[in-house]
Amino acid sequence: MFVPEIEVRHANKEFSDTRGRTKILEDVSFSISEHEFVCVLGPSGCGKSTLLRIIAGLEFPSSGKALFRGREILGPNPQTSAMIFQTFALLPWRTVYENIELGLQSIGIPKGKRKEVVMKYIRLMDLDDFSDAYPYELSGGMKQRVGIARALAVEPCVLLMDEPFSALDAMTADALRRDVLELWNDSQTVTNTFVMITHLIEEAVLMADRIIVLSKRPGRVIGDIPVDIPRPRHDHERDPEFFGMCDMIHRMISYNTGEAKTEK
């Protein structure tokens, strides 16, 4: 019997404040198989990051559930999934090496066994010359490389990324997208299931095997789109097929948000 790596079943999420209750997600269901690269795409405020935090076990749905290999996710587990944030989230008083080592400490890996693992991911992320540097000495792109290395060092089954390139300049973001895709396919990387939040249609089409499209808030799944364009797709960005898929998704989101009606 096939069991998905990640499954979200009829997830709803509401937040309460002094003004009342606000529904963020509504009846969200989808599954992700091992070794898939899935992007979750949708307009601002549709609950994309909330959904990722539910998968990470950092938040819980108001109803419904998220599962890892058939078991309900009841809290964070670094060996199940690790998360990369758009704001880097490095500890400024720790070096690159020490920031990467942090996750291994948190899961109780003995000090004597940490160095080999840390150095493996320092090499994979091209950080060899920066292992003793502090975050203030690094560019944004280098900081995010450290964040990726730290997440991968605990060798989780699933890597979760919340708009990981949004704080970077265009050239740095493009280079890091290529690196992330190489890591996803690298046999040295234990983690081979990637889930990424983005609001950029072209980025999703460039990177994903499948794109889950959410509606405006409350977020509902309005599209589950396989991307059959051959890899590597940096060579296909000018192809009609690439642009055609981007246009189709743009029309789907625009129609849902009412922009298409406004333009008429």
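Helix H4 is mostly covered, with twelve of its 14 residues buried. This is a predicted model, so every value here is computed from predicted coordinates. From its first C-alpha to its last, H4 reaches 20 Å, close to the 20 Å expected at 1.5 Å a residue.

Who is tucked away in there? The buried residues of H4 are Gly141, Met142, Gln144, Arg145, Val146, Gly147, Ile148, Ala149, Arg150, Ala151, Leu152 and Ala153. And what do the buried residues of H4 pack against? Their partners are strand S6 (81-84), helix H2 (96-106), helix H3 (111-124), strand S7 (158-162) and helix H5 (170-185). Past the end of the helix comes Glu155, which has a positive phi, near 50 degrees.

Two residues give a closer look at this helix. Take Ala151, found in H4. Ala151 counts as buried because its relative accessibility is 6%, under the 20% cut-off. Setting aside neighbours within four places in sequence, Ala151 is in contact with Ala82, Met83, Ile84, Pro156 and Leu159. Ala151 and Met196 are 45 residues apart in sequence, and their C-alpha atoms are 14 Å apart in space.

Then there is Arg145, also found in helix H4. With a relative accessible area of 13%, Arg145 is buried. Not counting residues up to four places away in sequence, Arg145 touches Met125, Asp126, Leu127, Leu176 and Asp179.

**The nonpolar cores**

In soluble globular proteins, nonpolar side chains tend to be buried together. Here the largest nonpolar core has 55 residues, and the members that touch the most others are Phe37, Ile100, Leu127, Val205, Ile211 and Ile249. Which helix gives this core its largest share? That would be H4 (residues 140-153), with seven residues.

Ile249 shows what being in the thick of it looks like: leaving aside neighbours within four places in sequence, Ile249 is in contact with Leu41, Ile201, Val205, Ile211, Val213 and Ile225. Apart from this core lies another, of 26 residues, among them Phe30, Ile32, Leu51 and Leu52.

**Charged pairs**

Now for the charges. How many salt bridges does the structure hold? There are 15. Here are three of them, with the distance between the closest N and O atoms.

| Salt bridge | Closest N and O atoms |
|---|---|
| Arg9 and Glu7 | 3.2 Å |
| Arg220 and Glu26 | 3.6 Å |
| Glu59 and Arg53 | 3.0 Å |

Let's start with the pair made by Arg220 and Glu26, a salt bridge with its closest N and O atoms 3.6 Å apart. Arg220 sits in the loop between strand S9 (210-214) and strand S10 (221-226), while Glu26 is in strand S2 (residues 20-32), so this pair ties together parts that are 194 residues apart in sequence. Arg220 is partly exposed, at a relative accessible area of 34%, and Glu26 is partly exposed too, at 27%. The pair also has company: Lys23, Glu26 and Arg220 are linked in a network of salt bridges.

The other two pairs are quick to describe. Arg9, the partner of Glu7, counts as partly exposed at 37% relative accessibility. In the pair of Glu59 and Arg53, is Glu59 buried or exposed? Glu59 counts as buried, at 17% relative accessibility, whereas Arg53 is partly exposed, with a relative accessible area of 28%.

**A buried arginine without a salt bridge**

Arg233 is found in the loop between S10 and helix H7 (240-257). Arg233 is buried yet has no salt bridge. Which side chain of opposite charge is nearest to Arg233? That is Asp209, 4.7 Å away. A salt bridge needs the nitrogen and the carboxyl oxygen within 4 Å, so Asp209 at 4.7 Å does not make one with Arg233.

What does the side chain of Arg233 reach instead? It gets to the backbone oxygen of Val205 at 3.0 Å and to the backbone oxygen of Val227 at 3.2 Å. Both valines turn up again in the contacts of Arg233: not counting residues up to four places away in sequence, Arg233 touches Val205, Leu206, Met207, Ala208 and Val227. Val205 is a familiar name by now, being one of the residues that touch the most other members of the largest nonpolar core, and Ile249 is in contact with Val205 as well.

Conventions:
Residues are numbered from 1 along each chain as its sequence is written. This is a predicted model: local features need pLDDT of at least 70, side-chain atom pairs count only at pLDDT 80 or more; totals for chains, interfaces and linings use all residues. Side-chain values use heavy atoms; hydrogens and water are left out. Buried means under 20% relative accessible area, exposed over 50%, partly exposed in between (1.4 Å probe, protein chains only). Helices (H or I, at least four residues) and strands (E, at least two) are DSSP runs, numbered from the N terminus. Lys and Arg count as positive and Asp and Glu as negative; His and the chain ends are not counted. A polar contact is a pair of N or O atoms within 3.5 Å; within protein, one must be able to donate a hydrogen and the other to accept it, and residues adjacent in sequence count only if both atoms are side-chain atoms. Contact means heavy atoms within 4.5 Å. A nonpolar core is a set of buried Ala, Val, Leu, Ile, Met, Phe, Trp, Tyr and Cys residues joined through side-chain atoms within 4.5 Å. The expected span of a helix is 1.5 Å times one less than its number of residues.
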